[in-house]
Amino acid sequence: MSRKLRAGILGGTGMVGQRFVSLLENHPWFEVTVIAASPRSAGKTYEEAVGERWKMDTPMPEAVKQIVVMNVNDVEQVASKVDFVFSAVDMTKDEIRKIEEDYAKTETPVVSNNSAHRWTPDVPMLIPEVNPEHMDVIRFQQERLGTKRGFIAVKPNCSIQSYAPALAAWKEFEPCEVVATTYQAISGAGKTFQDWPEMEGNIIPFISGEEEKSEKEPLRVLGSVEDGVIRPAKAPVITCQCIRVPVLNGHTAAVFVRFHKKPTKEQLIERLTNYRGLPQELELPSAPVQFIRYMEEDNRPQVALDVDVEKGMGISIGRLREDTVYDWKFVGLSHNTVRGAAGGAILCAELLKAKGYITEK
């Protein structure tokens, strides 16, 4: 490759946009050349537009401070300056669907963190280690959109990352019923404790829309490509509760599983620790070397100790034990704004680039 690919970030001033900016600093393949946001931020430097709202625990990269923020609605103008875009816009679902398709129709690939296109039948929803074959629907999407290189790909909701990879690793044992409770960090709502002081020492037993996503999205990830669209898997049946807890980063899941073919504990652990995907085979820049880590200690995984494993791109599983009602139960942990949001989208873009879907314009 003669140069780094030019990446734009749509919605670059919000928390996920900031995480994109932070993770893309010194990326070997991609360079942030455009940051676009709402009209109220347009025309300001990125440093001015964000102001005191920088929420990352590392400083704002010097390379982006003086980038002049563009209006995200100026689709043709933004698209002319990039090879592809990451989308983290804060709009209604209908507005997101339209603007992401508008960008795709300018022959600009869109890798989205948003949920608006997760159920569009010909849009792949990727966990790169789990379902890279879903990229096959892109050519059918391009036929629908009338594009040659433009398309949309999305990553799934952050809440499923702590348990869906385990279900994928155990697919041969045919998990048929899953009960999951997720304990979700406040950064999943785009907040810090400074923004949301009432969350300190508090638990809120409701997160709008999360339970539906947590129950249905794993089935789409575990589904198959048929006739140019993704058909969700019929099993396992999943029921979920999602609870907001006073943690900054890291979604924890307590999960119960019943299998058609009951495995041993040793088999389950072996499948987790040896699970590899295309990102590991291709040695993609953001790919964790160990995608799923199993922890033997009774008190692990812990957010404080384990959320940043593999730079936030690894999944930690622990407390695997037999259950008196279901077959097995376990606890999973993932970093919700790295693996579950911007980092997961960057890994998707790396895979799409490695497979020739994202190229220089």
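Biologist: How many disulfides does the structure hold?

Modeller: Zero. The term is kept for a pair of cysteine sulfur atoms within 2.5 Å. This is a predicted model, in which local features need pLDDT of at least 70, side-chain atom pairs count only at pLDDT 80 or more, and totals for chains, interfaces and linings use all residues. Residues are numbered from 1 along each chain as its sequence is written, and side-chain values use heavy atoms, without hydrogens and water.

Biologist: Why is the sulfur of C176 not counted as bonded to the closest cysteine sulfur?

Modeller: The closest one belongs to C240 and is 17 Å away, which is too far for a bond. C242 is in no disulfide either: from its sulfur to the nearest cysteine sulfur, in C240, the distance is 3.9 Å. The limit is 2.5 Å, so that pair is not a disulfide.

Biologist: Is C176 buried or exposed?

Modeller: Buried, because its relative accessible area is 13% and the cut-off for the word is under 20% (exposed is over 50%, partly exposed in between, with a 1.4 Å probe and protein chains only). C242, at 0%, is buried as well.

Biologist: How does E101 count, as buried or exposed?

Modeller: Its relative accessibility is 18%, so E101 counts as buried. E101 sits in helix α5, residues 93-104; helices are DSSP runs of H or I with at least four residues, strands are E runs of at least two, and both are numbered from the N terminus. Setting aside residues up to four places away in sequence, E101 touches H117, R144, L145 and I152, a contact being heavy atoms within 4.5 Å.

Biologist: Which residues have the most contacts inside the largest nonpolar core?

Modeller: Y103, W170 and F330, in a core of 57 residues. Helix α7, residues 164-169, gives the largest share, five residues. What makes it a core is the definition: buried Ala, Val, Leu, Ile, Met, Phe, Trp, Tyr and Cys residues joined through side-chain atoms within 4.5 Å. A second, separate core has 44 residues, among them V32 and I358. Beyond four places in sequence, the contacts of Y103 include L10, V72 and V110.

Biologist: In what sense do β7 and β11 pair, and over how many bridges?

Modeller: Strand β7 (175-184) and strand β11 (251-259) are antiparallel over eight bridges. Two strands pair if DSSP finds at least two bridges between them, so this pair qualifies. One bridge joins T182 to A253 in β11. Elsewhere, β1 and β2 (30-37) are parallel over six bridges, and L10 has A36 as its bridge partner in β2. Five of the six residues of β1 (5-10) are buried.

Biologist: What makes β10 and β12 edge strands?

Modeller: Each pairs on one side only. Their open sheet of six strands runs β10-β7-β11-β14-β13-β12, with mixed pairing. Helix α9 (265-273) lies across β11, β12, β13 and β14, at about 140 degrees to β12; axes are lines fitted to C-alpha atoms, for helices over the stretch in contact, and angles run from 0 to 180 degrees between N-to-C directions.

Biologist: How do you know whether the protein chain is as compact as a globular protein of that length?

Modeller: Its radius of gyration is 20 Å, close to the 21 Å from the globule rule for 361 residues, so the chain is as compact as a globular protein of that length. The radius is taken over C-alpha atoms, and the rule is 2.2 Å times the number of residues to the power 0.38. Of the 361 residues, 59% count as buried.
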